[in-house]
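Biologist: Could you take me through this structure step by step, and explain your reasoning as you go?

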Amino acid sequence: ASRSRRRRGRRATPPASPRLRFTKPQLKKGPAKQRCGPCVAAADASEKKAGDDKKTAALADARRDLAKAEASGDATAKLKAASKLSALEGELVTGLKPLKLGRGRGRGRGRLGRGRGRS
């Protein structure tokens with residue numbers, strides 16, 4: 001009976017060990033690379049802020065490029081700048097980067113090279 005009371009008592013009092021601030025994967029990294037939970041959260045927040053700042057700077061650059069292209073009157077430069085701006089704005093709204101599609105196989109290649117023994 002005293003053994004079970006000791007177990008319950010141990011669980012009830014929070015241990016003062018600093019290891020509790022670390023997750024299991026962080027503890028496995030070793031003392032040189034370990035980071036506690038609050039340190040990881042702070043690093044994630046600073047990385048997110050840096051990424052947001054980079055996106056807003058890229059958006060401002062794209063708007064400036066579009067204004068320059070419209071002032072120049074070159075249609076291809078306008079189209080290129082407008083498509084870059086719309087891709088950045090779309091990425092900001094959806095969180096997805098634009099895909100650059102390749103030429104692909106397409107249609108109309110005929111039946112060359114399919115199957116065996118056909119002529």
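Modeller: Contact here means heavy atoms within 4.5 Å, and please keep in mind that the model is predicted.

Biologist: Leaving aside neighbours within four places in sequence, which residues is Leu 85 in contact with?

Modeller: Leu 85 belongs to the largest nonpolar core, which has 6 residues, among them Ala 69 and Ala 81. Once the neighbours within four places in sequence are left aside, the contacts of Leu 85 are Leu 59, Ala 62, Arg 63 and Leu 66.

Biologist: Which element gives the largest share of this core?

Modeller: The core is made up of Leu 59, Ala 62, Leu 66, Ala 69, Ala 81 and Leu 85. Two or more of these residues come from each of α3 (37-72) and α4. The largest share, 4 residues, is given by α3.

Biologist: Glu 91 is buried, so what is the distance to the nearest side chain of opposite charge?

Modeller: Glu 91 lies in helix α4, which covers residues 75-94, and Lys 55 is one of the residues in contact with Glu 91. A salt bridge would need a side-chain nitrogen within 4 Å of a carboxyl oxygen. Glu 91 has no salt bridge, and the distance to its nearest side chain of opposite charge, that of Lys 55, is 4.5 Å.

Biologist: Why is there no disulfide between Cys 36 and Cys 39, and what does the count come to?

Modeller: A disulfide is a covalent bond between the sulfur atoms of two cysteines, and the rule asks for sulfur atoms within 2.5 Å. The sulfur of Cys 36, a buried residue, is 3.1 Å from the closest cysteine sulfur, in Cys 39, which is too far for a bond. By this rule, the number of disulfides is 0.

Methods. Residues are numbered from 1 along each chain as its sequence is written. This is a predicted model: local features need pLDDT of at least 70, side-chain atom pairs count only at pLDDT 80 or more; totals for chains, interfaces and linings use all residues. Side-chain values use heavy atoms; hydrogens and water are left out. Buried means under 20% relative accessible area, exposed over 50%, partly exposed in between (1.4 Å probe, protein chains only). Lys and Arg count as positive and Asp and Glu as negative; His and the chain ends are not counted. A nonpolar core is a set of buried Ala, Val, Leu, Ile, Met, Phe, Trp, Tyr and Cys residues joined through side-chain atoms within 4.5 Å.
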